[in-house]
Structure formats: C-alpha cells, structure tokens
Amino acid sequence: MNKTELQKQQTKTIIEFLENKFGVEFTGDDEGGRLGFEVDGLYGEFSRRDLEVVFWDTNSLSGNGWSQDEIDKHNKAAMLENLINRSIRITVLGYSE
C-alpha cells in the first residue's frame with residue numbers, strides 16, 4: 001500500500017470513528033483538505049492532512065470581558081479537542097502516549 005492509499009484508508013477510518021465514538025456530524029463545510037463538523041454544539045474541522053480536529057472555540061481568550069458561558073464553552077472545546085485528538089492517535093493510528 002502506498003502513502004496515498006494509506007492516508008485515504010486512515011481518513012475513512014477516522015471519520016467513521018468520529019461519527020460512532022463522539023457523535024460528530026459532518027456539515028458539508030469542506031475546504032480542500034478540511035471537513036467541517038459539529039458535535040455537542042461546538043463547530044470545528046477535521047484535517048485530512050494532519051489527521052487531527054480543531055474546534056473554533058479553542059482560540060485564546062485574551063483580555064477581560066468574557067462571560068462565564070464563553071469561558072465554559074472555550075474550556076469544553078479545549079478538553080474535547082484534546083480528548084478526540086488523543087483518541088485518534090491511540091485508538092485509530094496506534095500511537096502510544
């Protein structure tokens with residue numbers, strides 16, 4: 001199996017994993033190598049190149065004036081992003097931590 005075939009197989013497996021394990025719903029917001037998705041009220045993207053997810057609400061909250069709801073949403077997104085990416089590395093790709 002060449003590198004491109006392996007990448008396609010891993011991408012397909014990860015997409016199925018995200019849908020089945022975390023309830024990710026892909027939104028059709030696709031841009032090149034990125035697939036838009038929503039899970040638990042949070043929006044993000046899956047990168048086919050890097051085989052990782054990123055949530056929009058994980059951007060740093062600098063300065064003052066953030067509501068507790070915004071802070072909570074940021075923390076939830078950061079924790080879920082870390083959990084999903086760690087699960088992909090260990091469960092799907094077989095990396096050890």
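## A guided tour, starting at T11

Begin by selecting T11, which is found in helix 1. This is a predicted model, so everything on the tour describes a computed structure rather than an experimental one. With the side chain of T11 displayed, look back along the chain to Q7, whose backbone oxygen lies 2.8 Å from a polar atom of the T11 side chain. T11 counts as buried, because its relative accessibility is 9%, and the cut-off for that word is under 20%. Leaving aside neighbours within four places in sequence, T11 is in contact with F46, R48 and L51, and two of these residues, F46 and L51, are visited later on the tour.

**The whole chain**

Now zoom out and colour the model by secondary structure, which shows two helices and four strands. Followed along the sequence, these elements come in the pattern α-β-β-β-β-α. The C-alpha trace spans about 55 × 30 × 25 Å along its principal axes. If you switch on a surface, the accessible area comes to about 6600 Å², and carbon and sulfur atoms account for 45% of that area. Of the 97 residues in the protein, 32% count as buried. Among the contacts with a separation of 6 or more, 37% are made by residues 24 or more positions apart. Colouring by charge brings out 11 positive and 18 negative side chains, with the centres of the two sets lying 8 Å apart.

**The nonpolar core**

Next, select L18, F46, V53, F55, I84 and I88, which are the residues with the most contacts inside the largest nonpolar core, a set of 19 residues. Helix 1 (3-22), strand 2 (34-39), strand 3 (42-47), strand 4 and helix 2 each supply at least two residues of this core. Helix 1 gives the most, with five residues.

Keep F46 selected and display whatever surrounds it. Which residues does F46 contact, once its neighbours within four places in sequence are left aside? From the earlier part of the chain come T11, I14, I15, L18, F26, G33, R34, L35 and F37, and from the later part come L51, E52 and V53.

**F26, in strand 1**

One of the contacts of F46 is F26, so move there, to strand 1 (residues 25-31). Is F26 buried, partly exposed or exposed? Its relative accessibility is 25%, and therefore F26 counts as partly exposed. Not counting residues up to four places away in sequence, F26 touches I15, L18, E19, L35, G36, F37 and F46. To see how one of these pairs is placed, draw a distance between the C-alpha atoms of F26 and I15, which are 11 residues apart along the chain and separated by 9.0 Å.

**E38 and the loop that follows**

Select E38 in strand 2, a glutamate that is buried, with a relative accessible area of 18%. Apart from residues up to four places away in sequence, E38 touches G23, V24, E25, T27 and Y43. The C-alpha atoms of E38 and E25 are 5.4 Å apart in space, although the two residues are 13 apart in sequence. A polar atom of the E38 side chain also lies 2.8 Å from the backbone nitrogen of G41.

From there, step on to D40, in the loop between strand 2 and strand 3. D40 counts as exposed, because its relative accessibility is 52%. Its phi is near 55°, a positive value in a residue other than glycine.

**L51, in another loop**

For another positive phi, go to L51, where the angle is near 55° and the residue is again not a glycine. L51 is found in the loop between strand 3 and strand 4. Is L51 buried or exposed? L51 is buried, with a relative accessible area of 9%, and T11, where the tour began, is in contact with it.

**Last stop: N59**

Finish at N59, in the loop between strand 4 (52-55) and helix 2 (68-92). N59 counts as exposed, because its relative accessibility is 53%, where the word requires a value over 50%. A polar atom of the N59 side chain lies 3.3 Å from the backbone oxygen of W56. For a closing distance, connect the C-alpha atoms of N59 and S87, which are 28 residues apart along the chain and separated by 21 Å.

Key
Residues numbered from 1 in each chain as written. Predicted model: local features only at pLDDT ≥ 70, side-chain atom pairs only at ≥ 80, totals over all residues. Heavy atoms only, no water. Buried < 20%, exposed > 50% of the residue type's maximum accessible area, 1.4 Å probe, protein only. Polar contact = N/O pair within 3.5 Å; in protein donor to acceptor, adjacent residues only side chain to side chain. Contact = heavy atoms within 4.5 Å. Areas by Shrake-Rupley, 256 points an atom, 1.4 Å probe, with all protein chains shown as cover. Lys, Arg positive; Asp, Glu negative; His and termini not counted. Charge placed at Lys NZ, Arg CZ, Asp CG, Glu CD. Core = buried A, V, L, I, M, F, W, Y, C linked by side-chain atoms within 4.5 Å.
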